[in-house]
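Please open the model in a viewer and keep the selection tool at hand. The tour proceeds from one selection to the next and describes what is found at each stop.

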Amino acid sequence: MVTVVAAQHRRWWEAPLWSAEPENVIVQPENKGTAPGLLLPLLYIARRDPNATVVVLPSDHFVRTEGVLARGLQQAARLARIDHRHVYLLGLVPDEIDPELGYILPGDRAGTSASSVQQFIEKPSLDVARDLVQDGALWNVFILAASARALLSLYASRYPSLVADMSRAVDQDGKNSMTAKATRSLYPQLPTLDFSRDVVQGRESQLRVLTVPPCGWSDLGTPRRVAETLSRIANKSNPAQDPSHTLYLSLAAQHSRHYAT
């Protein structure tokens, strides 16, 4: 398991990751968007195992019914192991109209198996988002499975010089990205790119999407979304009385107490 972290967040991740193998912690020198953010660890993984199957899991997500999401992810991973040409995305059935998220319009609206991708739409207006949901569009949550080769081919077809430059830096730096001088020197020169908008949009023929039923998913990317998620948790359960939570700080319980006062 490879953990991707940001250099400027070191004081928050250094202690939790103290026992991780250094070669499994990939440090981004600075934030250049999700496209370079995924490409850097992908190059490290491909260097160790060119035939690797990769599962991408963003860390800032909350999932209430994890089993539902896990089943979809397991299916995507199985397909990616035998199909090295396509990237398999999880598309979540929306449980609300949200213009702050990206949407995937599948080619097959039945949603019974992996479908082709008709179109990507990033952060549409509220009216467009409503129409998309009515047309069977799914939330694009940046959870995917694919062979390392399939993912690298998406980058190489659109940004060959970016792949070449980052590959050279990774080769020079060797296994340990924590002391990666070549990568640190290269990063200020890199463009800021979004994976969904700048890499996969327009390459729909190389993509497949698996429909995942509603599972209580939420993006925790903003303070408002964190507060909304914690509020829903506090309203539906009382983690403070759950013995399994006794060793951990319950953010839901803290949030509930804060608003009660």
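**A strand with two faces**

Begin with strand β3, residues 53–56, in this predicted model. Its side chains alternate: Val-54 and Val-56 point to one face and are buried, whereas Thr-53 and Val-55 point to the other face and are not buried. Next, add strand β8, residues 138–147, which runs antiparallel to β3 and is joined to it by 4 bridges. Within β8, Ser-147 is the bridge partner of Thr-53.

**The whole protein**

Zoom out to display the full chain. The protein has 10 helices and 10 strands, and 44% of its 261 residues count as buried. Among contacts with a separation of 6 or more, 72% are between residues 24 or more positions apart. The accessible surface comes to about 14,000 Å², and carbon and sulfur atoms account for 52% of that surface.

**The nonpolar cores**

Select Val-87, Leu-151, Tyr-155, Met-166 and Phe-195. These residues have the most contacts inside the largest nonpolar core, which has 42 residues. Helix α2, residues 34–48, supplies the largest share of this core, 8 residues. In soluble globular proteins, nonpolar side chains tend to be buried together.

Now centre the view on Phe-195. Apart from residues up to four places away in sequence, Phe-195 touches nine residues that include Thr-34, Ala-35, Leu-38, Phe-142 and Val-200. A second, separate core of 24 residues can be displayed next; Leu-69, Ala-80, Ala-137 and Ile-143 are included in it.

**Leu-162 and Lys-32**

Move to Leu-162 in helix α6, residues 160–173. Is Leu-162 buried or exposed? Leu-162 counts as buried because its relative accessibility is 7%, below the 20% cut-off. Beyond its sequence neighbours up to four places away, Leu-162 touches Leu-39, Leu-190 and Leu-193. Leu-190 lies 28 residues from Leu-162 along the chain, with 7.6 Å between their C-alpha atoms.

Lys-32 is the next selection, in the loop between β2 and α2. Lys-32 is also buried, at a relative accessible area of 11%. Outside its neighbours within four places in sequence, Lys-32 is in contact with Tyr-187, Pro-188, Leu-190, Pro-191, Thr-192 and Leu-193.

**Val-4**

Proceed to Val-4 in strand β1, residues 3–6. Val-4 is partly exposed, with a relative accessible area of 34%. With neighbours within four places left aside, its contacts are Ile-26, Gln-28, Gly-37 and Pro-41. A C-alpha to C-alpha distance drawn from Val-4 to Pro-41 is 7.0 Å, although 37 residues separate the two in sequence.

**Charged pairs**

The whole structure contains 11 salt bridges. Side chains of opposite charge can pair when their charged atoms come close.

Select Asp-98 and Arg-225, whose closest N and O atoms are 2.7 Å apart in a salt bridge. This pair links distant parts of the chain: Asp-98 is in the loop between β5 and β6, and Arg-225 is in helix α9, 127 residues apart. Both Asp-98 and Arg-225 are buried.

Stay in helix α9 for Arg-224 and Glu-228, which form a salt bridge with closest N and O atoms 2.6 Å apart. Because these two residues are 4 residues apart in the helix, about one helical turn separates them. Arg-224 is partly exposed at 39%, and Glu-228 is partly exposed at 32%. Add Glu-100 to the selection: salt bridges that share partners join Asp-98, Glu-100, Arg-224, Arg-225 and Glu-228 into one network.

For the final stop, select Arg-197 and Asp-198, whose side chains meet in a salt bridge at 3.5 Å, N to O. Arg-197 is partly exposed at 44% relative accessibility, whereas Asp-198 is buried at 16%.

Note on methods. Residues are numbered from 1 along each chain as its sequence is written. This is a predicted model: local features need pLDDT of at least 70, side-chain atom pairs count only at pLDDT 80 or more; totals for chains, interfaces and linings use all residues. Side-chain values use heavy atoms; hydrogens and water are left out. A nonpolar core is a set of buried Ala, Val, Leu, Ile, Met, Phe, Trp, Tyr and Cys residues joined through side-chain atoms within 4.5 Å. Buried means under 20% relative accessible area, exposed over 50%, partly exposed in between (1.4 Å probe, protein chains only). Contact means heavy atoms within 4.5 Å. Two strands pair if DSSP finds at least two bridges between them. Accessible areas come from the Shrake-Rupley method with a 1.4 Å probe; for residues, only the protein chains shown count as cover. A salt bridge is a side-chain nitrogen of Lys or Arg within 4 Å of a carboxyl oxygen of Asp or Glu.
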